[in-house]
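Colleague: I am new to this structure and would like a close look at a single part of it. Please take me through that part and then on to its surroundings.

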Amino acid sequence: MSENRHPQMRPEQDATEVHPTIAPTEAPPATPTLLEQSGGVSGAIYAGIPVVVFVVANSAWGLTMAIWLSVGAAVLITLVQLLRKVPFSQASSGLIGVGICVLLAQLTGSADGFFLFGIWSSLVFAVVSLLTMVLRWPLAGVIGGLTNGKGNVWREDKPSMRAYNIATLALVAMFASRFVVQQWLFVEESTGWLAVADIVMGFPLLAVAGLVVVWAVRFSTKRLKALEEQPVQNG
């Protein structure tokens with residue numbers, strides 16, 4: 001009777017308890033691309049609005065009004081992005097950037113000072129990107145290793161290294177061209193053309209350089225995958 005009161009577990013139940021069913025693991029979320037992290041086309045538009053507001057307001061009402069109106073535009077854009085569920089870090093980055101720019105304009109007492117942060121940031125990024133190539137850790141390769149989940153294996157493959165050097169060189173060219181052109185306009189005190197250069201050489205150049213980086217990542221990913229499968233095929 002004891003057996004009737006306490007029936008034994010079925011074999012499949014015992015196996016389930018000893019070896020619980022493991023749910024299939026989901027693929028990790030894709031790492032945002034360089035363009036996605038910059039906000040895409042909408043991000044470029046949002047970034048350009050405070051610059052246009054600053055230049056127009058400076059021409060019409062002077063530096064002080066330009067500072068206040070550009071900050072106001074940046075605050076409004078940040079609120080709009082937050083309402084659209086954009087991550088706070090991404091939404092607030094534009095406001096922080098504008099804050100730094102207007103602070104430099106205030107400290108220098110010149111509208112051209114608004115562009116100093118972007119000009120010298122471009123030089124720093126160009127030098128750092130070039131240095132990563134010299135050290136044989138090209139920046140595009142680091143980005144690719146984080147994106148495709150292959151780690152640093154690409155450094156052992158010469159074609160992958162070559163592709164990532166080309167992509168990193170594209171980043172160097174983008175940052176260096178920004179610095180050269182905008183620094184020249186800064187010296188010439190061409191505030192209006194500085195604004196044009198800041199917008200035109202912003203997202204469009206980033207899009208071109210980003211395409212080169214994407215090409216390098218895809219090229220290296222395919223090569224590394226083929227190299228991983230090669231021993232299996234030979235066997």
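Leaving aside its neighbours within four places in sequence, which residues is Ser-122 in contact with?

Modeller: Please keep in mind that this is a predicted model. Once neighbours within four places in sequence are set aside, Ser-122 is in contact with Phe-175, Arg-178 and Phe-179. Ser-122 itself belongs to helix 7. With a relative accessible area of 5%, Ser-122 is buried, because anything under 20% counts as buried.

Helix 7 also has a part at the surface. Leu-130 lies in this helix, and Leu-130 is partly exposed, at a relative accessible area of 42%. Leu-130 is one of the residues that make a nonpolar surface patch of about 680 Å². The others in that patch are Leu-131, Val-134, Leu-135, Trp-137, Val-142 and Leu-146. Helix 7, residues 116–134, and helix 8, residues 139–148, each supply at least two residues of the patch. Helix 7 gives the most, with three residues.

Past helix 8 comes a loop, and a charged pair involves it. The side chains of Arg-223 and Asp-157 meet in a salt bridge, 2.7 Å from N to O. Asp-157 sits in the loop between helix 8 and helix 9 (158–187), while Arg-223 lies in helix 11 (residues 203–234), so the pair ties together parts that are 66 residues apart in sequence. Side chains of opposite charge can pair when their charged atoms come close. The two partners can also be described by their cover. Asp-157 counts as buried, at 7% relative accessibility, whereas Arg-223 is partly exposed, with a relative accessible area of 27%. The count of salt bridges comes to one.

On the other side of helix 7 in sequence is helix 6, which covers residues 88–108. At 1.5 Å a residue, its 21 residues should span 30 Å, and the end C-alpha atoms are 30 Å apart, so the two agree. Buried residues in helix 6 are Ala-91, Ser-92, Val-98, Cys-101, Val-102 and Ala-105. As background to such a list, an α-helix has 3.6 residues a turn, so residues three or four places apart point the same way. Just after helix 6, Gly-109 takes a positive phi of about 70°.

To return to the starting point, Ser-122 is buried, and its contacts include Phe-175 and Phe-179.

Notes: Residues are numbered from 1 along each chain as its sequence is written. This is a predicted model: local features need pLDDT of at least 70, side-chain atom pairs count only at pLDDT 80 or more; totals for chains, interfaces and linings use all residues. Side-chain values use heavy atoms; hydrogens and water are left out. Helices (H or I, at least four residues) and strands (E, at least two) are DSSP runs, numbered from the N terminus. The expected span of a helix is 1.5 Å times one less than its number of residues. Buried means under 20% relative accessible area, exposed over 50%, partly exposed in between (1.4 Å probe, protein chains only). Patches are made of residues with over 30% relative accessible area and no salt bridge: like charges are joined within 9 Å, nonpolar side chains (Val, Leu, Ile, Met, Phe, Trp, Tyr) within 5 Å. Accessible areas come from the Shrake-Rupley method with a 1.4 Å probe; for residues, only the protein chains shown count as cover. A salt bridge is a side-chain nitrogen of Lys or Arg within 4 Å of a carboxyl oxygen of Asp or Glu. Contact means heavy atoms within 4.5 Å.
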